[in-house]
Amino acid sequence: MSLSKVKHIVLVLSGKGGVGKSSVTTQLALSLSLAGHSVGVLDIDLTGPSIPRMFGIENAKVTQAPGGWLPITVHEADPTAGTGSLRVMSLGFLLPRRGDAVVWRGPKKTAMVRQFLSDVFWDELDYLLIDTPPGTSDEHISLAETLLQKARPDQLAGAVVVTTPQAVATADVRKELNFCIKTGIRILGVVENMCGFVCPNCSECTMIFSSGGGEIMAGDFGVQFLGSVPIDPQFLVLIETGKRPRYPEGTLVNGQDISTPAGAPHIEEESIKDAASLMQKYRACSLAPIFSKMTADVVSAVQRANLA
Ligand code: ADP
């Protein structure tokens, strides 16, 4: 069974699309890998699988092996650097055309989710992050049922729920939290994304929306608030072009100075296909320290859950 070598399964959920669920999944994966864990990402967002684009592997071809489909390797573990391997499997790899899955009917989607959970050949993994479709739809219920049936109770660590300051004001994220409670999926924590803006020019992080709603809501549900993540255009540039993030002198994000060091290579000196991996370049991103802390909190939450 393809999940048998996976230690912890973490679902990444959101009440609605566009709140940054895939970006959060990607950054949790990079941070876990930087912290030395072996990580897999399974993208079953049938409404538009965006994980291949996030990792710059859109043209990758998956191969079939006796145990199932082989995931795509983003990078291998590097024991000297203390980093873990990162592998990805997305429904996007299997679609002849982008957007194909969106028009599938419920039963076909359900069958695909089941197949995805059982037919991807994951090697030893510390964490498998599952990027799910937004909402509390049929796919979710099917996924929850399949996971509850197929995964060992100690494997299914729980869910990270992603929201935005605006979405907190709507019923979507509460619905998602209630969905977890109803289906018996533990909530590892809530992330509030897009709560501010890291200006690429003026070394300021501006809080464009009143933040704090996610924290209050997490408190209402008695679940952990994992943190607020600002919009950083440099993260988008990294994803779209592979360029290493750079910030003007004195840039502070969440009280931390993330200015680009004086000796760092200039963008022009770096080829787009820079030998450094996405993970290495991500280290320079203003969002990396935020996710490093969040990752540590998720790891502790998983450990606590396993002891409980
Ligand atoms: P979802 O998976 O919820 O549909 P995505 O993660 O695809 O949302 O995010 C939508 C878009 O917003 C993507 O282009 C993504 O790169 C961008 N984005 C999300 N969060 C951030 C952020 N904190 N900083 C910069 N860009 C972001």
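User: Which residue stands opposite valine 88 in β6, and what makes β2 and β6 count as paired strands?

Analyst: In this predicted model, valine 41 stands opposite valine 88. Strand β2 (residues 39-43) runs alongside β6 in the parallel sense, with five bridges between them. The cut-off for pairing is at least two bridges, so β2 and β6 qualify.

User: How do you know that β5 pairs with β6, and in which sense?

Analyst: Strand β5 (residues 72-75) shares three bridges with β6, in the antiparallel sense. Pairing needs at least two bridges, so β5 and β6 qualify as well. Isoleucine 72 is the residue opposite valine 88 here. Valine 88 therefore has valine 41 opposite it and isoleucine 72 opposite it too.

User: Why is strand β6 called largely enclosed by the rest of the structure?

Analyst: Five of the five residues of β6 (residues 86-90) are buried, so the strand is largely enclosed. Leu86, Val88 and Ser90 point one way, while Arg87 and Met89 point the other way, and all are buried. Across the whole protein, 54% of the 308 residues count as buried.

User: How do you know whether cysteine 195 is buried or exposed?

Analyst: Its relative accessible area is 2%. Buried means under 20%, so cysteine 195 is buried. Cysteine 195 lies in strand β9 (residues 187-198). Its C-alpha is 6.1 Å from that of valine 229, although the two are 34 residues apart in sequence.

User: What makes glycine 17 and glycine 18 fall into their exposure classes?

Analyst: Both sit in the loop between β1 and α1. Glycine 17 has a relative accessible area of 45%, which lies between the cut-offs of 20% and 50%, so it is partly exposed. Glycine 18 reaches 70%, over 50%, so it is exposed. An unreviewed UniProt entry places a "binding site" feature at several residues, including Gly17 and Gly18.

User: Which angle class does the pair of tryptophan 69 and phenylalanine 116 belong to, and why?

Analyst: The structure holds two aromatic pairs. In this one, the centres are 5.8 Å apart and the planes make an angle of 55°. The distance is within 6.5 Å, and the angle is neither under 30 nor over 60 degrees, so the pair is tilted. Tryptophan 69 is in strand β4 (residues 68-70) and phenylalanine 116 in helix α4 (residues 106-119), so the pair links parts of the chain 47 residues apart. Tryptophan 69 and phenylalanine 116 are both buried.

User: What makes the pair of phenylalanine 235 and tyrosine 282 edge-to-face?

Analyst: The angle between the planes is 75°, over 60 degrees, and the centres are 6.4 Å apart, within 6.5 Å, so this is an edge-to-face pair. Phenylalanine 235 belongs to helix α9 (residues 233-241) and tyrosine 282 to helix α10 (residues 278-282). With a relative accessible area of 7%, phenylalanine 235 is under 20% and therefore buried. Tyrosine 282, at 0%, is buried by the same cut-off.

User: Which residues have the most contacts inside the largest nonpolar core?

Analyst: Leu42, Phe55 and Tyr282 do, in a core of 92 residues. Helix α11 (residues 287-307) gives the largest share of this core, nine residues. Leucine 42 touches several residues beyond its sequence neighbours, among them Met89, Phe116 and Trp122. In soluble globular proteins, nonpolar side chains tend to be buried together.

Methods
Residues numbered from 1 in each chain as written. Predicted model: local features only at pLDDT ≥ 70, side-chain atom pairs only at ≥ 80, totals over all residues. Heavy atoms only, no water. Helix = DSSP H or I, 4+ residues; strand = E, 2+ residues; numbered from the N terminus. Buried < 20%, exposed > 50% of the residue type's maximum accessible area, 1.4 Å probe, protein only. Core = buried A, V, L, I, M, F, W, Y, C linked by side-chain atoms within 4.5 Å. Contact = heavy atoms within 4.5 Å. UniProt positions renumbered as here; feature names shortened; annotations may be inferred. Phe/Tyr/Trp six-rings, centres within 6.5 Å; stacked < 30°, edge-to-face > 60°. Lists of a residue's contacts leave out its neighbours within four places in sequence.
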